[in-house]
Amino acid sequence: MYVSPIREPLIRGNKDYSQVTKDILAPMAGTPSKYWYMGIALALSAALFGAWATYVTLFTGIGSWGLNKTIGWGWDITNFVWWVGIGHAGTFISAILLLFRQKWRTSINRSAEAMTLIAVMCAGFFPLIHMGRLFLGFFIFPYPNTRALWVNFNSPLLWDVFAISTYFAVSLIFWYVGLIPDIGTVRDKAKTKIRKAIYGFLSFGWTGSAKHWSRHETVSLILAGLAAPLVLSVHTIVSFDFATSVIPGWHTTIFPPYFVSGAVFSGFAMVLTLLIITRKALNLEEYITVNHIESMNKIIILTGSIVGIAYMTEFFIAWYSGNEYEMFTFVNRAFGPYAWAYWIMMTCNVITPQLFWFKKIRTNVLITFVISIFVNIGMWFERFVIVVSSLHRDYLPSSWSMYTPSVVEVGLYVGTLGLFFTLFLLFIRVFPVIAIAEVKSVLKTSGENKNHSEHE
Amino acid sequence: MNKYITAYYLDEEKLLKGLKQVKAKGFKIADVLSPFPVHGIDKVLGLRRSRLTRVAFIGGAVGAIVGFGFQAWVFTKAYPINFGGKPFFAAPSFIPVAFETTVLFAAFSMVFAFLIVSKLLPGNDPVIHDERVTDDHFLVIIDVAEDSSADDIRNIEKALQEAGAEGIKYKA
């Protein structure tokens, strides 16, 4: 295969296959560092706060939240949409970049997919708990019951149930199928009997047979082909929750593409936030290089710009439609009592990612980390603005209202953040964070020693 | 597979070259175990293209029919509800759920088919010929017929050696 001499290597440090195995398995061995313990202690305390908030919500009802008659959706749905969006980057990296044959994905797809799974878990929690009775959550599924009643298949809220559960299930098997060969590696490198037995069980008896590899590649490719439209459908359907309603500010046809690009935008920001810490903490800087960070930053510019254009288009159409209610909602968003949220969103999502046009900035790890946090915040506020500022001033001025979250709602949000980081920290101890076999398969063509092998 | 010979390579390009040489001498390669998929090996080993794609298609088709059909049945037969005078058979609003079931069925049927035909199931206890296969060794396995003489075995070993293989072992 022709390799451009200008293209920089994906994997640095002149590695051979055995070194790759050793480097990637290193974080799983031995006892965790004290930073890991500190991290998980912090994350678990946050999760505990969330557990308390869940307890309060279940035993006193959603009256413990700051919602009122005018504003029926607050932080709950904001957090739901935010978490689902974050999940999208993982599938984008593992499915869409696979279909586009982007080799740089091999270093980041495993952890990004794990992030997807955890983010979708956090997301799924909010629609369930916003119904107030978590233990009746199964009502949302169509199951045969004594009332002979089914769910409403005309409702986007029900489509959401199918979209999110399918998304979770398909992401899970996609991730696990990719993991099987690497679990085989962990099994063969295991030092203790128990470890060998556990990973042997989880590896499903992987041997690395040529026939299995051939099938494995076919399955991965088809799963990518299935997951690519799936991930686009998920945020499209989430946007239908709003777009099919008749609330000014929600009832717009631009929502599906705008939500999908926003999702990929926020997801990549979260991947960067996580991986910049992970690569440093686990000594994987030769695998997740500045090139990878730069590539992700380029996707952030692209999707961030789409989001920026969507904001402006929305505003333009509000004026151009000649609909006074639509126009009122948008002027109210930008200059009403929630203007602060709107301008935080505009600054974080439209202005900060544009800094990545400068190569100095997009190749600077520290600045990228800071901007990724800004994007995370901005995208959270985007959902907050869409949900709350569209609702709080409706057609009847006497019912206009303001919304402040209660400590219980804050607890639920902090709790999911805690759950997210707890599970991610466990993941980096239990499974290889980088797809070992995939990195090995691109090592020859994209490793640092590629030129030697070419002239052999 | 009672009697066989194993040998390994440390480089996938040398492996492919070697396999072609061994094959040219008329020996049949039973299997190659590798740490990652080696492209071009399918042709050398004469592996057929996987038919799992068909499983995915059939699974997806079943998913589409089940998803769409179920919604249509619920809203026209089982429990028709009038939503604001809209038609009972509201085909466009059945599409999102039907799409999700299509993807779900296609993905799961294909993955389960893959695991079952490859006999990759939890609790499987495979023969591990060499623990370094999942690290950096490319292991070639050549079956030895029951009635083969010591000469036949030596011939295979010689062919492997000439093809640049290392660590040639005869296992009975």
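## Helix packing between chains A and B

Helix α7 of chain A passes helix α4 of chain B in a left-handed crossing. The model is predicted. Here α7(A) spans residues 210–243, and α4(B) spans residues 91–117. Their axes come within 10 Å and cross at roughly 160°. Angles over 145 degrees count as roughly antiparallel, so α7(A) and α4(B) are roughly antiparallel to each other.

Which residues make the contact? From α7(A) come Arg215(A), Val219(A), Ile222(A), Leu223(A), Leu226(A), Leu230(A), Ser233(A) and Ile237(A). From α4(B) come Pro96(B), Phe99(B), Val103(B), Ala106(B), Ala107(B), Met110(B), Val111(B) and Phe114(B). The residues of this contact divide into 14 nonpolar, one polar and one charged.

Two loop residues deserve a look at their backbone angles.

| Residue | Phi | Loop |
|---|---|---|
| Ala148(A) | near 55° | between α4 (109–130) and α5 (156–189) of chain A |
| Lys119(B) | near 50° | between α4 and β3 (138–143) of chain B |

For Ala148(A), phi is positive in a residue other than glycine. Lys119(B) also has a positive phi and is a residue other than glycine.

Are these residues buried or exposed? A residue counts as exposed if 12 or fewer other C-beta atoms lie within 10 Å of its own. Ala148(A) has 8 such atoms within 10 Å, so Ala148(A) is exposed. Lys119(B) has 12 C-beta neighbours inside 10 Å and therefore counts as exposed.

Note on methods:
Residues are numbered from 1 along each chain as its sequence is written. Chains are lettered from A and ligands numbered from 1 in the order in which they are written. This is a predicted model: local features need pLDDT of at least 70, side-chain atom pairs count only at pLDDT 80 or more; totals for chains, interfaces and linings use all residues. Axes are lines fitted to C-alpha atoms, for helices over the stretch in contact, and angles run from 0 to 180 degrees between N-to-C directions. Helices (H or I, at least four residues) and strands (E, at least two) are DSSP runs, numbered from the N terminus. Angles under 35 degrees count as roughly parallel, over 145 as roughly antiparallel, 65 to 115 as roughly perpendicular and the rest as oblique. A crossing is left-handed if the near helix is turned anticlockwise from the far one by less than a right angle, and right-handed if clockwise. Two residues are in contact if their C-beta atoms, placed from the backbone, lie within 7 Å. Ala, Val, Leu, Ile, Met, Phe, Trp, Tyr, Cys and Pro count as nonpolar, Asp, Glu, Lys and Arg as charged, and the others, Gly among them, as polar. A residue is buried if 20 or more other C-beta atoms lie within 10 Å of its own, exposed if 12 or fewer, and partly exposed in between; C-beta atoms are placed from the backbone.
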